[in-house]
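Here are some exercises to help you find your way around a new structure. Have a look at it first, then try each task before reading its solution.

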Amino acid sequence: MNNTYLTGIDFNVGIYIRLSQEDKDKKYESDSESVINQKELLRSYVKNNNFNLSGEYVDDGYSGTDFDRPGFQRMLEDIKMKKINCVVVKDLSRFGRDHVMTGYYIETFFPENNIRFISILESFDSFKNQASNDSSTFIIACNDYYSKQNSIKIRNVLNDKRKNGKFIGSLPSFGYMRDPEDKGHLIPNPDTAPIVKNIFKWRADGVGPTEIATRLNKDNVPTPSGYKKTNFSSRLIDRDTWTISTVKKILTNRIYTGDMVQHTQTKVNYKSKKKINLDQSLWVIVENTHEPLVDKTTFEYVQTLRKRYTRNVPIKTGREKRILEGKLFCKECGNRLSVYYRKKQDYWSINCNRYSRDPKRGRCSSHFFPYDYLEEQILEKIDESVSCFIKELDIEELNNEVVRTIHKETQSVDKRISDLNKEKEQILSRLSTLYNDRCEGVITGELYKELSQESEKKLRKINDRINNEEIKKLNIKNKVTVLPNYTKKIKKLLDLKNPQKTLIDTLTDTIVIDEKRNICIKFKYDVIPTIDFKYENRNLARNSHKRRIEQKSDK
């Protein structure tokens, strides 16, 4: 846009100020990065250029890679309401450090809404044709690169603190507080520690989680969310009521034994808020870092109580849990194949859970099997396919092979990410060209809007695909740490003459059966090949319930 366009325009300015968390921790002699000094600089600029100061938008302690900031969002609302038509910032890094989103707002959103954008230190002015504007693309990219490098440095510092047993979370677990003399050290909270101790004492005395929650609610004991004053959300149904899940979460938290447990989750990358759960082998655990609220013997005893009573075992009947239970699935509907014990007939059977609940509606078909014969045949097939493999198993070579395979998979993911980034850069380049064409009058504003919207849609899809590939990469790396334990368990537990449920759970992933009685046994981590076979009717002298047919002799 030529400078002559600026004549006679009244600019209602919104000044935008951002201070990141890492900036707050720095000590500057001039304090030039503070909110106060940014305000003074921007107000002075507005006054010297005879602009109207219509709004001040401040985000104190927010990352530049995240544009979901309250001050920034309020500024966007005022732009849409036509309250301001000019945005002034100290420099481009204060506006944002994500080069994709920063470029979008400067090159697309602001022009579409006829907003003038000024960055003082870089001498950038979107309403002027000047040489200093051309360098903005490189500055934005450098700001993004700085964020990435800064994220790596911060992660390394946090990892060192974790390994030294220092607490780095935002809020300590219920029952603890930060030590005033050492923020990385936890000490019992005098208000909440007795609550946690009572919960463990009650559970060790045989009181169930449901009764514990009832007792706490009856005595109006503050909940963890209520005590921390957690904001209400769709996931938080009732902040001030104890639930079974809240009690169980406390009972399974190892931090109450005095051990520091951290790094159970991680972000996909430095730009994304999305987190994924890490395999337990990747957790950072440092023992005896703070005062325990429960001794380790009691804690372990409470864990055995949790394992002893599972939802899969009906407590009322007290029946045994069969080896294949929880592993059998219906191919047609994907539901579990439930194991039933017929007490009157004294036999075991299985059937599709969905079909059994409502056979008349025909939501699935019958998958009836006499359980004992099914178990017998499945164990035979596992024995045939696995025994030879296990005897010759070289764990070290197997793990090396898996590591090589995973390395290839990781390279493949890296290539896809690289290709997507190239495609993204091409789209950004096209958007930049379109914007220049619009400024120079080569294309109309309507045509620019139509063409840019399509490119922006593609850009969002590419970013989503890149995030998904990053998640795949993390999951692949997790497999490297899990597999050695898996192969060792195969060696340790293999005793097919006296098979244990632990062995089946360790080896197998799922056992899928269709209505035609075809069976597919799938093993974990693809270490052992899948087994496919058809169920065979055996012992015809017996009926389907595995009870002998009594032959009446003629007298």
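## Getting an overview

In the protein chain, take the contacts between residues at least 6 apart in sequence: 62% of them join residues at least 24 apart. Keep in mind that this is a predicted model.

**Exercise 1.** Find how many helices and strands the protein chain has, and what percentage of its residues are buried.

*Solution.* Start with the elements: there are 17 helices and 18 strands in the protein chain. Next, turn to burial: of the 555 residues, 41% are buried.

## A helix with a buried face

**Exercise 2.** Check the span of helix α2 (residues 35–48) against what 1.5 Å a residue would give. Then work out where its buried residues sit around the axis.

*Solution.* Step one is the span. Helix α2 has 14 residues, and the expected span uses one less than that number. At 1.5 Å a residue, α2 should therefore span 20 Å, and its end C-alpha atoms are indeed 20 Å apart.

Step two is to list the buried residues of α2: Val 35, Gln 38, Leu 42 and Val 46. Looking down the axis of α2, you find these buried residues within an arc of 65 degrees, so they line one face of the helix.

Step three is to ask what lies over that face. The cover of the buried residues of α2 includes β1 (12–19), β2 (52–60), β3 (86–89) and α4 (92–95). Now flip to the face of α2 turned away from the buried side: it carries the exposed residues Ile 36, Lys 47 and Asn 48.

Finally, step past the end of the helix. Asn 50 follows α2 and has a positive phi, near 60 degrees.

**Exercise 3.** Do the buried-face analysis for helix α3 (residues 70–80).

*Solution.* First, pick out the buried residues of α3: Gly 71, Phe 72, Met 75, Leu 76, Asp 78 and Ile 79. They cover an arc of only 160 degrees around the axis, and that puts them on the same side of α3. Then look just after α3, where Lys 82 takes a positive phi of about 65 degrees.

## Helices that cross

**Exercise 4.** Work out which residues of α11 (residues 244–251) are buried, and how helix α9 (residues 209–218) packs against α11.

*Solution.* Begin with α11 itself. Its buried residues are Val 247, Ile 250 and Leu 251. They cover an arc of only 100 degrees around the axis, which means they sit on the same side of α11. On the face of α11 turned away from its buried side, you meet the exposed residues Ser 245 and Lys 249.

Now bring in α9. Helices α9 and α11 pack at an angle of about 110 degrees, and their axes are 8 Å apart. That makes α9 roughly perpendicular to α11. On the α9 side the contact is made by Pro 209, Thr 210, Ile 212 and Ala 213, and on the α11 side by Ile 244, Val 247 and Lys 248. Sorted by type, the residues of the contact of α9 with α11 are five nonpolar, one polar and one charged.

**Exercise 5.** Describe how helix α8 (residues 193–204) packs against α11.

*Solution.* Take the geometry first: α8 and α11 pack at an angle of about 95 degrees, with their axes 10 Å apart. The two helices, α8 and α11, are therefore roughly perpendicular to each other.

Next come the residues. Val 196, Ile 199, Phe 200 and Arg 203 of α8 make the contact with Val 247, Ile 250 and Leu 251 of α11. By type, the contact of α8 with α11 has six nonpolar residues, no polar ones and one charged.

## Residues in loops

**Exercise 6.** Is Ser 123 buried, partly exposed or exposed? And how about Asn 220?

*Solution.* Ser 123 is in the loop between β4 (116–119) and β5 (124–125). Its relative accessibility is 43%, so Ser 123 counts as partly exposed. Asn 220 lies in the loop between α9 and α10 (224–228). With a relative accessible area of 68%, Asn 220 is exposed.

Now check the backbone. Ser 123 has a positive phi near 55 degrees in a residue other than glycine. Asn 220 has a positive phi near 55 degrees too.

**Exercise 7.** Which residues does Ser 365 touch, not counting residues up to four places away in sequence?

*Solution.* First place Ser 365: it is in the loop between α13 (353–357) and β15 (369–370). Then read off what Ser 365 touches, not counting residues up to four places away in sequence: Cys 352, Tyr 355 and Glu 515. Lastly, look at one of these pairs: the C-alpha atoms of Ser 365 and Cys 352 are separated by 7.5 Å, and the two residues are 13 residues apart along the chain.

Conventions:
Residues numbered from 1 in each chain as written. Predicted model: local features only at pLDDT ≥ 70, side-chain atom pairs only at ≥ 80, totals over all residues. Heavy atoms only, no water. Axes fitted to C-alpha atoms, helices over the stretch in contact; angles between N-to-C directions. Helix = DSSP H or I, 4+ residues; strand = E, 2+ residues; numbered from the N terminus. Parallel < 35°, antiparallel > 145°, perpendicular 65-115°, else oblique. Contact = heavy atoms within 4.5 Å. Nonpolar A, V, L, I, M, F, W, Y, C, P; charged D, E, K, R; others polar. Buried < 20%, exposed > 50% of the residue type's maximum accessible area, 1.4 Å probe, protein only. Arc of directions from axis to C-beta.
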